[in-house]
Amino acid sequence: ELFRRLDHARESGCQYFTMEVSSQALKYGRVAEVEFEVGAFLNISPDHISPVEHPNFEDYFQSKLKLFQHSKVAVLNKDSDHFDRILQAAQSSETVEKILTVSMKDESADYYACEVESKPEGEHFTLKTADFTGRVVMAMPGIFNIENALVAIAIARYYGVSYADILKGLARCKAQGRMEIYHSKRYPIQVVVDFAHNKLSFEKLFQAAREMYPKAKVTIVFGAPGNKAESRRKDLGQVAGKWADHIIVTMDDPGTEDPQKISEEILVAIHEQKATAQVVIDRPKAIALAFDQAVESQEETVILLAGKGDEDTMKLEGKDCPYATDAYYALKKLEELDR
């Protein structure tokens, strides 16, 4: 299937093909015989550990490191956990000929971001490289998106894209379901729709919310998927219990599992953090409740709708059922409140 798609791209005259490669794809040879001009490794944290994915963290990590067995150029994030092992894997690869690094902490990186300003309308930072120093304005909010931008910049520069074009691109680049922000015209309510679905992305979502809205109470609506990544239930519950002012646990692709059972497992982790939460299995009702409670509180509130992004299906009982997206339900509720 992958080679058919690559062939179609070639026949269509595409000169560049960008793809995400999962740990499962690397582990089970789904990208065997595919040579990547550039392979980028952003970060690693415990995830995708379950009986049907990776049996433990080491298996997950080793699977991801196989990317360097397929890559000619490696782009590495020096701020990632276990960077020494990531670097060693890239250096010992028989295919990697060049290594590029990015960082928000280490100014020795090839692409270094500093002097960061986080705003609801986007991120502003200074980019420092061997041949450029200048201010970058990103349309995508969330400080964690700067890491993504640095990797994109490094890849674009490898291909000879000018800094002028890179700056133009970042100034208007947005992605559906990633740090989509909406707000009420009548009430001090902000809404963030994001794909955050594991411990690392959850922590970064909360950090971004606190940086953008430092005076706001934070409400989060989230769940955990069924039939995979069972460790997320504990991880997400612990992070939410630590960071959120109010928590509503709901469904998120429960698959063939009971969403009530998944929610109760999340609750255990929330309670371990001495926090409390409500369970509302019906996701649209959970979203609506978050708004109603924010209005009732009369406090400035940022509502985080996490996990689904712009997904328009819900996995239920082995089927992909239509789901109107978190953004749809958020906008519908905002329209109702503002009217």
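Two strands are taken to pair if DSSP finds at least two bridges between them, and on that footing an open sheet of six strands with mixed pairing can be traced in the order E7-E8-E12-E9-E10-E11. The model is a predicted one, and another open sheet of six strands, likewise with mixed pairing, has the order E1-E2-E3-E4-E5-E6. The points below take each sheet with the helices that lie on it, and then turn to a buried glutamate in a loop.

**The sheet E1 to E6**

- The edge strands of this sheet are E1 (36-41) and E6 (132-137), each of which pairs on one side only, and the twist from one strand to the next averages 20 degrees.
- Within the sheet, E2 (residues 71-77) and E3 (residues 98-103) pair in the parallel sense over five bridges, and Val 75 stands opposite Leu 100 in E3.
- Helix H6 (residues 163-172) lies across E4 (111-119), E5 (122-129) and E6, and runs at about 20 degrees to E6.

**Helices H5 and H6**

- Helix H5 (residues 145-158) packs with H6 at an angle of about 145 degrees, the two axes being 10 Å apart, and the crossing of this pair is right-handed.
- On the H5 side the contact is made by Ala 149, Ile 153, Ala 156 and Arg 157, while H6 contributes Tyr 163, Ile 166 and Leu 170.
- Sorted by class, the contact of H5 with H6 has six nonpolar residues, no polar residues and one charged residue.

**The sheet E7 to E12**

- In the sheet with the order E7-E8-E12-E9-E10-E11, the edge strands are E7 (180-183) and E11 (278-279), each pairing on one side only.
- E7 and E8 (residues 189-194) pair in the antiparallel sense over four bridges, and His 183 stands opposite Gln 190 in E8.
- Helix H9 lies across E9 (217-222), E10 (246-249) and E11, running at about 155 degrees to E10.
- Helix H10 (residues 283-297) also packs on the sheet, where it touches E8, E9, E10, E11 and E12 (301-306), and the direction of H10 makes about 170 degrees with that of E12.

**Helices H8 and H9**

- The axes of H8 (residues 231-243) and H9 (residues 259-272) come within 7 Å and cross at roughly 45 degrees, and the two helices are therefore oblique to each other.
- H8 passes H9 in a right-handed crossing, in which the contact is made by Arg 233, Lys 234, Gly 237, Gln 238 and Gly 241 of H8 together with Lys 261, Ile 262, Glu 265, Ile 266, Ala 269, Ile 270 and Glu 272 of H9.
- By class, the contact of H8 with H9 has four nonpolar, three polar and five charged residues.

**Glu 53, a loop residue**

- Glu 53 lies in the loop between E1 and helix H3 (57-65), and the computed relative accessible area of Glu 53 is 11%, so Glu 53 counts as buried, the cut-off being under 20%.
- Leaving aside neighbours within four places in sequence, Glu 53 is in contact with Gln 24, Lys 27, Tyr 28, His 48, Lys 228 and Ala 229.
- Glu 53 and Ser 23 are 30 residues apart in sequence, and their C-alpha atoms are 9.2 Å apart in space.

Definitions and conventions
Residues are numbered from 1 along each chain as its sequence is written. This is a predicted model: local features need pLDDT of at least 70, side-chain atom pairs count only at pLDDT 80 or more; totals for chains, interfaces and linings use all residues. Side-chain values use heavy atoms; hydrogens and water are left out. Axes are lines fitted to C-alpha atoms, for helices over the stretch in contact, and angles run from 0 to 180 degrees between N-to-C directions. Angles under 35 degrees count as roughly parallel, over 145 as roughly antiparallel, 65 to 115 as roughly perpendicular and the rest as oblique. A crossing is left-handed if the near helix is turned anticlockwise from the far one by less than a right angle, and right-handed if clockwise. Contact means heavy atoms within 4.5 Å. Ala, Val, Leu, Ile, Met, Phe, Trp, Tyr, Cys and Pro count as nonpolar, Asp, Glu, Lys and Arg as charged, and the others, Gly among them, as polar. Buried means under 20% relative accessible area, exposed over 50%, partly exposed in between (1.4 Å probe, protein chains only).
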